[in-house]
Amino acid sequence: MAKAASKTTTSKATDGYDLTRVGPGTVMGEMMRQYWIPAAASSELKADGDPMRLMLLGEQLIAFRDTSGRVGVMDHRCPHRCASLFLGRNEQNGIRCVYHGWKFDVDGKCLDMPNLPPPGFKEKVRAKSYRVREQAGLIWVYMGSREEAPPLPMHEALFVPEQDLTVTLLQREANWLQGLEGDIDTSHFGFLHAGHVNANDFEEGHPARHTVANRAPEYKVGDTEWGTMYGAFRPEAGGKMHWRMAHFSLPFWTQTPNADFADHVVAKAWVPMDDEHTMLISIYGGRAKGATYSSSKLKSGGGIPGADKLDYLPNSTDWFGRWRAVQNPRNDWEIDRAAQRENRTYTGIRNIVIQDQAVTESMGPIVDHTMEHLAPSDIMISRTRRRLLTTARAFAEKGTVPPGVDDAEVFWKARAGSFYADDKTDWQDAYQQQLKAAIRWPAPGQQAAE
Ligand code: FES
Ligand SMILES: [Fe+2]
């Protein structure tokens, strides 16, 4: 017995390690490097502007936009003697190291070695650079080793015209998986965010109403071509079933169900900066871009108490200086105990995203999975961990290409939101029917429904 218990602990610890570590050579990190990764907002880089420190999957990189508008992302160390290219001069279509003047273009090609008599050996030296694309107002980086990079993932949100998109970035001081699991842990909504609100406070049919009417919903969970999905269900009068369906998409994406299914377009990336810091990149699009909980209205006309605006600290040039919230672990997320005690808000913490931020950062930088006691309400979390491990290990051990890398269109089949269905209809059939009827955004080769 004791043996079996220790074996379980060991495998839990190994699983926990493999799930959370993302540096070069790690099981999860190598799997993630097979996909395109959103890393920064396009607006963060100006042509010939300051180079930016960019931490991505535990690698210290430098990003800059050259004179022609192209973006370069490369190892921050100059390949000559490793001075940081952060100090570099971004000029005339390249970045020039300030130590001895070597200059590199966005592809890492050495353009100039002015401290050497001609001919030098420019052709022999390259800066370690990564492939870059820009889409949906974001800079995307491919850190894999393929000669030809795979296609961008076909998340519906990436095909919404930019004027109809809202893209936000927010740094979280915790492991990427810890953050992501908050998005697929739907039973927390009725407590963390809305423990102080009653169903009667919402209009009939409001997408958030059901999360407080029944704070212990039941779930269906399944693997999908793109990752995993869940459907939280609640029987309604008249032979109806209310569903809230949501997705995890490989390797670090979520789609949360916090609006009506019919026109809800969202994609959220939990991008690991390193093992202990994450950049949450949220892309909301289409008609429902404002229809999230944070902006939802109660019958009284006001928003959910505590849904205040998010305040950012000014960005700094530090490796972890971008998109930091004012409310952070060093000020206890500005928790207001009187508001908590008087139940003006359940937590006493302002802003819905910061409420998520506080609980996941409070776990410590990398949660120890051997300390947890997962419950039936956590089946989506267990299923997603299993899917991640199976996919990452299959790639590490057999070279199996992870889902969605080459067949990028699988992500197109994921849509989250809430809807009513006949209570006799199977959950997957109900999902497919809703998907057919939904307003989709045009993707290459596809037409949006009118
Ligand atoms: S270290 Fe960069 S040019 Fe010498
Ligand atoms: Fe939340």
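# Reasoning from values to terms

Visitor: What makes the pair R89 and E91 a salt bridge?

Guide: In this predicted model, the closest N and O atoms of R89 and E91 are 3.0 Å apart. The cut-off is 4 Å between a side-chain nitrogen of Lys or Arg and a carboxyl oxygen of Asp or Glu, so the pair counts as a salt bridge.

Visitor: Why is R89 called partly exposed?

Guide: R89 has a relative accessibility of 48%. Partly exposed covers values between 20% and 50%, so R89 belongs there. Its partner E91 has a relative accessible area of 19%; buried means under 20%, so E91 is called buried.

Visitor: How do you know that R393 and D18 meet in a salt bridge?

Guide: The N to O distance between their side chains is 2.9 Å, and the limit is 4 Å, so the term applies. R393 lies in helix α8 and D18 in helix α1, so the pair ties together parts that are 375 residues apart in sequence. D18 is buried, at 14% relative accessible area. Both residues also belong to a network of salt bridges that includes D15 and R386.

Visitor: What makes R322 and E44 a link between distant parts of the chain?

Guide: These two residues form a salt bridge, with their closest N and O atoms 2.7 Å apart. R322 is in the loop between β17 and α6, while E44 is in the loop between β1 and β2, 278 residues away in sequence. With relative accessible areas of 3% for R322 and 17% for E44, each falls under the 20% cut-off, and therefore R322 and E44 are both buried.

Visitor: Why is the site of the iron ion (ligand 2) called irregular?

Guide: The protein donors are H188 (NE2), H193 (NE2) and two OD atoms of D356, at 2.0 to 2.7 Å from the iron ion. The angles among the four donor atoms run from 52 to 152°. A tetrahedral site needs all angles between 85 and 135 degrees, and a square planar one needs opposite donors over 155 degrees apart; the site meets neither condition and is therefore irregular. Of the donor residues, H193 in helix α4 and D356 in helix α7 are 163 residues apart, and both are buried.

Visitor: Which residues touch the most other members of the largest nonpolar core?

Guide: They are W176, F252 and L388, in a core of 87 residues. Strand β16 gives the most to this core, with six residues. Leaving aside residues up to four places away in sequence, L388 touches several residues, including L19, M28 and W176.

Definitions and conventions. Residues are numbered from 1 along each chain as its sequence is written. Chains are lettered from A and ligands numbered from 1 in the order in which they are written. This is a predicted model: local features need pLDDT of at least 70, side-chain atom pairs count only at pLDDT 80 or more; totals for chains, interfaces and linings use all residues. Side-chain values use heavy atoms; hydrogens and water are left out. Donors are N, O and S atoms within 2.8 Å of the metal (3.2 Å for Na, K and Ca); water is not among the atoms, so sites may look incomplete. Four donors count as tetrahedral if all angles lie between 85 and 135 degrees; four count as square planar and six as octahedral if opposite donors are over 155 degrees apart and all others between 65 and 115; anything else is irregular. Helices (H or I, at least four residues) and strands (E, at least two) are DSSP runs, numbered from the N terminus. Buried means under 20% relative accessible area, exposed over 50%, partly exposed in between (1.4 Å probe, protein chains only). A nonpolar core is a set of buried Ala, Val, Leu, Ile, Met, Phe, Trp, Tyr and Cys residues joined through side-chain atoms within 4.5 Å. Contact means heavy atoms within 4.5 Å.
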